[in-house]
Amino acid sequence: MEETALEVEAMSKTYRERGRQEVRAVDNVSFKVKQQEVVGLLGPNGAGKTTIIKCILGLMQPDAGEIRVFGQDVTKHYPRVLENMSAVLEGSRNLYWRLTAWENVLFFAGLSGISSRDTHDYFNYLIELFSLEDKKNVEVRKLSQGMKQKASIVCALARRTPLVFLDEPTLGLDVETSLELRQILKQLAQQEHRTIVVSSHNMDVIQDICQRVIILSGGRIMVDDHVDHLIKLFETRAYRIALDGHPSSELEEALAARFSSINMAAQKYGVEIKINLSDRDDIYLLMDMLRSHGAIIDEISHEDIDLERVFLEVVRRERDEYASGHSI
């Protein structure tokens, strides 16, 4: 039986600022992360991702709920529980800028009691893995943004904690550096068998690195599932249909009224329809509607889908359910 590395139960956090309306950043959030699992917290800015991580790390107190790391209550065993966690936080200075990259590694590892020279081989391995050999003895303040981010992650990993948090690890990086960093993190996750929680608003980052994704919106969990399962689930209901010729305006209006997740685009010889069906049986309804309006189907196929389209569909469904629940 796999043991639990992290357990968050009914966590809530509200920000209160004088003269401003209260903001519920985290709303009754509960989830578990198994040991050696790589889990993504996915959501737009303001979804509550960073607040959740800061509460777990003890940097702020939740208003309600319990947090356990390897079975230890974070509040009751703070700060000793930090021995099991390390993090790179978005928007924070994770390094001392007037120290070199190597000096930062030694310093942060030393905070965890790691000072033996035997571990220097591992530190050098991380430096080489993240392509920082040439910048090893350069002050951090003189490094590019991408290299600063790499150095921050190296320092977090150098502590060799069993649980690592990476909050927006690719934010502000150019495409090439982002792709390189994602590949390195994926490799490390497979090789070192650590428990890693990655927070990002970037779908590609989560899809590349994580096994499981927790989708957040407005401080609440909307979906908690394996990435592959989510993509396969939505892929079976995502279709591309090529029509020969242009459909009538009546058909376009009927389709738009019946299916909320549909896109019709004019092509050279007709119209291309891309649609996500909420129910498997909807494909039969769609075919009947096309036939009754005299539409000629030239081609039909399953549409390729990725985590971005899954996210958009989940958000759309949540919005529709909220609207229907608040309608008069």
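Which residues are buried in helix 3? In this predicted model, in which local features need pLDDT of at least 70, side-chain atom pairs count only at pLDDT 80 or more, and totals for chains, interfaces and linings use all residues, the buried residues of helix 3 are His 120, Tyr 122, Phe 123, Leu 126, Ile 127 and Leu 129. Residues are numbered from 1 along each chain as its sequence is written, and side-chain values use heavy atoms, with hydrogens and water left out.

Here buried means under 20% relative accessible area, exposed means over 50%, and partly exposed lies in between (1.4 Å probe, protein chains only). Helices (H or I, at least four residues) and strands (E, at least two) are DSSP runs, numbered from the N terminus.

**Helix 3 and its surroundings**

The cover over the buried residues of helix 3 includes helix 2, helix 4 (145–158) and helix 5 (175–192). Helix 2 (residues 101–111) packs against helix 3 (residues 120–129) at an angle of about 130°, and their axes are 11 Å apart. Helix 2 is therefore oblique to helix 3, since angles under 35 degrees count as roughly parallel, over 145 as roughly antiparallel, 65 to 115 as roughly perpendicular and the rest as oblique. Trp 102, Val 105, Leu 106 and Ala 109 of helix 2 make the contact with His 120, Phe 123, Asn 124 and Ile 127 of helix 3, where contact means heavy atoms within 4.5 Å.

**Strand 7 and its partners**

In strand 7 (residues 163–167), 5 of its 5 residues are buried. Leu 163, Phe 165 and Asp 167 point one way from the strand, while Val 164 and Leu 166 point the other way. In a regular strand the side chains alternate between the two faces of the sheet. Strand 6 (residues 85–88) runs parallel to strand 7 and is joined to it by 4 bridges, whereas 5 bridges join strand 7 to strand 8 (residues 195–200), again in a parallel arrangement; two strands pair if DSSP finds at least two bridges between them. Ser 86 stands opposite Val 164 of strand 7, and Asp 167 has Ser 199 of strand 8 as its bridge partner.

**Backbone details**

Some residues take a positive phi, as the table shows.

| Residue | Phi | Place |
|---|---|---|
| Asn 28 | near 55° | in strand 2 (residues 23–34) |
| Gln 36 | about 70° | in the loop between strand 2 and strand 3 (38–42) |
| Ser 131 | about 55° | just after helix 3 |

Asn 28 is exposed, with a relative accessible area of 52%, and Gln 36 is partly exposed, at 47%. A cis peptide bond, with omega about 5°, joins Tyr 78 and Pro 79, and Pro 79 is found in the loop between strand 5 (72–73) and strand 6.

Conventions:
Axes fitted to C-alpha atoms, helices over the stretch in contact; angles between N-to-C directions.
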